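Hi,

Here is the structure I promised to pass on. Have a look at it first, and my notes on what turned up follow below.

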Amino acid sequence: MDRLPEEVILHILGFVKVPDIVHLQAVSSRYLALGRDNALWKTECFEDSRAESLRRRNMLLGMQDARIAELRNAVTALPGPDLTAWDVSQLRGSPQPRASNDPAAEARIQRARALANWEPGYPDERLDYYDEYVHRHAPVKVAWLHLPKAQASDKEEYREATGCATLDGEDGNVNHLVAPLDDGSICIWDVSNRSTSMAGGRGRLTAQSRPGLLTGTPPDDTEKSHIMMTETGAVECVSIDNVTRRGYFAVQRSLHEVDINTLQLVSTTHYPWPITALSEAKNTTPLTIGTNWTVHLHDPRDSASASPPPNTTNAELLNPSTTSTTSSHATLAQPGPLSILHDPSPNPSIWLAGRFTSLLHYDRRSFPRLLNTLHSGARIASLTFLPYPLIPQSLDLIRNPETGLSALVAARSAPGTTILAAAEYKGKGSLELYGLPRVQPYQNRQTASASKLLAVAPHGGRIVFSDGDGNLKWVERDGFSHVRTFNINEALPSSSGEGRQSATGEDQSAYGIWSSTAGEMPGQGDIVQKITPMHPVSASSTGTGAASGLGERQRQDVNQSNLLLWTGDGRLGVLGFGPGNPLGEDQWREEVGVAAESTEQRAKGDAERQYGMAMRRALERNADEVRFVRGLGMLV
């Protein structure tokens with residue numbers, strides 16, 4: 001085997017099962033590199049994709065007896081969703097254009113078209129398909145960061161995070177997580193990735209400021225701080241400048257600038273309305289601030305961007321022409337901005353979305369004049385960028401057999417970016433994709449979610465978003481091809497701080513009068529308000545595994561493209577893939593911690609579950625008696 005060329009070994013590995021390929025990687029460094037070959041794992045990912053399943057379906061339809069077409073004709077008459085011309089032709093059994101009369105050659109051509117149509121990567125992008133396969137098939141695990149305990153409480157109560165932002169390293173990967181707490185303090189956790197020479201941060205709490213720093217209250221007045229920190233309810237209320245290491249925290253109408261190195265307050269800027277959204281902070285780009293009715297540009301280097309004069313009224317701010325000919329802010333016709341996005345390209349564009357039904361487009365050079373809008377019709381809660389062009393639905397090679405492969409390749413090679421939006425439309429979730437320069441947008445309002453979407457982010461070669469039922473859903477970059485789903489309530493910790501999960505990952509901590517678990521109560525439990533990739537997708541993004549170079553001195557471990565989560569109950573967690581802990585903690589430590597649970601705690605938990613079961617039986621008997629009496633006509 002050692003004398004065989006690499007091409008021959010890779011051809012042999014194409015017939016080997018996935019578990020055997022993984023075991024082969026432990027033989028030597030050579031087989032480690034061959035066992036993580038990008039082309040090999042790209043094929044494995046494609047084999048389980050929706051595009052390959054659709055191609056196999058087409059092949060089977062062509063092999064079926066012609067009499068079965070009568071049944072397919074009856075299906076077309078049934079009510080259902082709108083079908084494309086391709087769907088109708090497949091159901092009715094009409095012939096499709098063929099590229100070759102040879103069945104084997106036709107199968108190879110159709111497979112190549114399906115692979116090109118599915119491929120999530122772009123020509124100038126390097127995806128690690130070994131990581132992609134892990135993220136698509138490995139079990140999902142969530143490790144929750146330890147929040148400080150409430151100092152003035154006798155109970156086992158923990159503080160709640162009211163927002164979060166990341167402090168990135170020089171390589172663009174996330175190293176630290178910064179979050180304000182409901183007592184007005186700021187905490188920093190080390191969430192850096194593992195490498196061959198470093199164990200990683202493991203979610204350690206590395207720094208914490210004094211309580212009341214962001215609220216201006218005494219450290220012991222935590223109740224007042226809690227009210228002030230949670231009153232606005234803004235999701236994007238924290239922004240970190242990685243160059244100057246300054247953090248910007250929005251609390252009600254105030255914007256606090258904090259030195260991350262010392263956790264000391266540097267300055268405070270007041271605004272006339274409660275702040276509802278902040279943009280990302282960069283050293284050379286002014287911070288964009290959205291309030292209920294206005295949009296402001298804040299440049300900490302410029303003294304002119306300080307607070308408005310004390311005698312300026314809200315009415316004057318809503319009508320800038322009454323104060324000066326040149327205004328430093330833009331007035332909104334409708335209240336409620338929720339997300340602000342800066343164009344990652346040199347183009348100084350600002351995109352604003354929220355409870356109104358359009359995306360507002362500003363340019364910093366002509367601010368506060370509104371350049372244009374993109375009509376959505378939905379209420380958008382989160383915006384983010386994918387630094388690659390949006391591929392129109394008309395170039396789908398499977399649903400449009402007449403489309404040429406060259407047209408798809410040209411569209412992928414063209415410059416452009418895509419705005420990803422998580423929205424709510426008529427009570428349902430809407431995943432929306434807007435291409436820049438202007439391309440026909442795609443809005444998935446049928447299969448995204450039955451509840452509103454809350455957050456969205458690009459994750460490797462997929463898109464991940466959260467909804468109001470606590471679900472995290474991954475789809476392909478086309479916006480509709482489903483990959484996998486995970487409910488965050490299956491991994492919530494119990495009241496004692498340790499998650500009780502079954503072998504399938506479901507939370508087994510019973511609660512409520514019905515002794516139900518989180519997985520048994522849809523619509524109940526926690527939700528994910530913000531998703532932050534630890535390995536952000538950029539125009540030059542690469543994988544974290546062996547494809548990034550085995551000769552690196554401090555090569556990161558594979559499967560490090562985890563997600564940082566901030567939930568509605570103020571929890572902070574790291575979502576990873578695989579059987580191990582996403583924070584990299586030793587497995588034996590977890591087993592020892594579970595075994596060290598005291599007998600008293602286990603007895604208390606058993607008593608609570610038995611009491612819940614008894615109450616459930618009592619309520620069921622009471623309900624049966626009420627139904628019996630109502631059936632006798634004795635109860636109105």
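Let's start with A423, which sits in strand β19, residues 417-425. Keep in mind as you read that this is a predicted model. With a relative accessibility of 0%, A423 counts as buried. Its C-alpha atom is 9.5 Å from that of G377, although the two positions lie 46 residues apart in chain numbering terms, that is, they are 46 residues apart along the chain. Leaving out residues up to four places away in sequence, A423 touches A378, R379, I380, A381, K428, G429, S430, E432, K452 and L453.

E280 makes a useful second stop. You'll find E280 in the loop between β10 (275-278) and β11 (287-291). Is E280 buried or partly exposed? Its relative accessible area is 36%, so E280 is partly exposed. E280 and I240 are 40 residues apart along the chain, and their C-alpha atoms are separated by 7.1 Å. Residues up to four places away in sequence aside, E280 touches S239, L287 and H342.

Now for the whole chain. The protein chain has 14 helices and 28 strands. Of its 636 residues, 47% are buried. If you take the contacts with a separation of 6 or more, 55% of them come from residues 24 or more positions apart.

On to the cores. The largest nonpolar core has 40 residues, and the ones that touch the most other members are W41, L472, W474, F486, I531, L565 and L575. Apart from that core lies another one, of 26 residues, including L167, L214, V238 and L287. L287 may ring a bell, since E280 touches L287. Back in the largest core, what does I531 touch, not counting residues up to four places away in sequence? The list is A455, A457, V464, F465, S466, L472, L563, L564 and L565.

Next, a bit of helix packing. Two packed helices are described by the angle between their axes and the distance between the axes. I picked out two pairs, and α8 takes part in both.

In the first pair, helix α8 (residues 103-118) and helix α12 (residues 405-413) have axes that come within 11 Å and cross at roughly 20°. Angles under 35 degrees count as roughly parallel, so α8 is roughly parallel to α12. The crossing of α8 past α12 is left-handed. On the α8 side the contact involves R113, A116 and N117, which meet L405, L408 and R412 in α12. Sorted by class, the contact of α8 with α12 has 3 nonpolar, 1 polar and 2 charged residues.

In the second pair, helix α4 (residues 38-47) packs with α8 at an angle of about 95°, and their axes are 11 Å apart. Since 65 to 115 degrees counts as roughly perpendicular, α4 and α8 are therefore roughly perpendicular to each other. From α4, the contact uses K42, T43, C45, F46 and E47, and from α8 it uses R111, A114, L115 and W118. By class, the contact of α4 with α8 has 5 nonpolar, 1 polar and 3 charged residues.

Last, some backbone details to check on screen. Most residues other than glycine have a negative phi, and most peptide bonds are trans. Here are the spots that go the other way:

- F367 and P368 are joined by a cis peptide bond, with omega about 15°. P368 lies in the loop between β16 (358-363) and β17 (370-375).
- L436 and P437 are also joined by a cis peptide bond, with omega about -5°. Look for P437 in the loop between β20 (428-436) and β21 (439-449).
- Q252 is not a glycine, yet has a positive phi of about 55°. Q252 is in the loop between β7 (246-251) and β8 (254-259), and at 24% relative accessibility Q252 counts as partly exposed.
- L263, not a glycine either, has a positive phi of about 55°. L263 is found in the loop between β8 and β9 (264-270), and L263 is buried, with a relative accessible area of 7%.

Happy browsing!

Note on methods: Residues are numbered from 1 along each chain as its sequence is written. This is a predicted model: local features need pLDDT of at least 70, side-chain atom pairs count only at pLDDT 80 or more; totals for chains, interfaces and linings use all residues. Side-chain values use heavy atoms; hydrogens and water are left out. Axes are lines fitted to C-alpha atoms, for helices over the stretch in contact, and angles run from 0 to 180 degrees between N-to-C directions. Helices (H or I, at least four residues) and strands (E, at least two) are DSSP runs, numbered from the N terminus. Angles under 35 degrees count as roughly parallel, over 145 as roughly antiparallel, 65 to 115 as roughly perpendicular and the rest as oblique. A crossing is left-handed if the near helix is turned anticlockwise from the far one by less than a right angle, and right-handed if clockwise. Contact means heavy atoms within 4.5 Å. Ala, Val, Leu, Ile, Met, Phe, Trp, Tyr, Cys and Pro count as nonpolar, Asp, Glu, Lys and Arg as charged, and the others, Gly among them, as polar. A nonpolar core is a set of buried Ala, Val, Leu, Ile, Met, Phe, Trp, Tyr and Cys residues joined through side-chain atoms within 4.5 Å. Buried means under 20% relative accessible area, exposed over 50%, partly exposed in between (1.4 Å probe, protein chains only).
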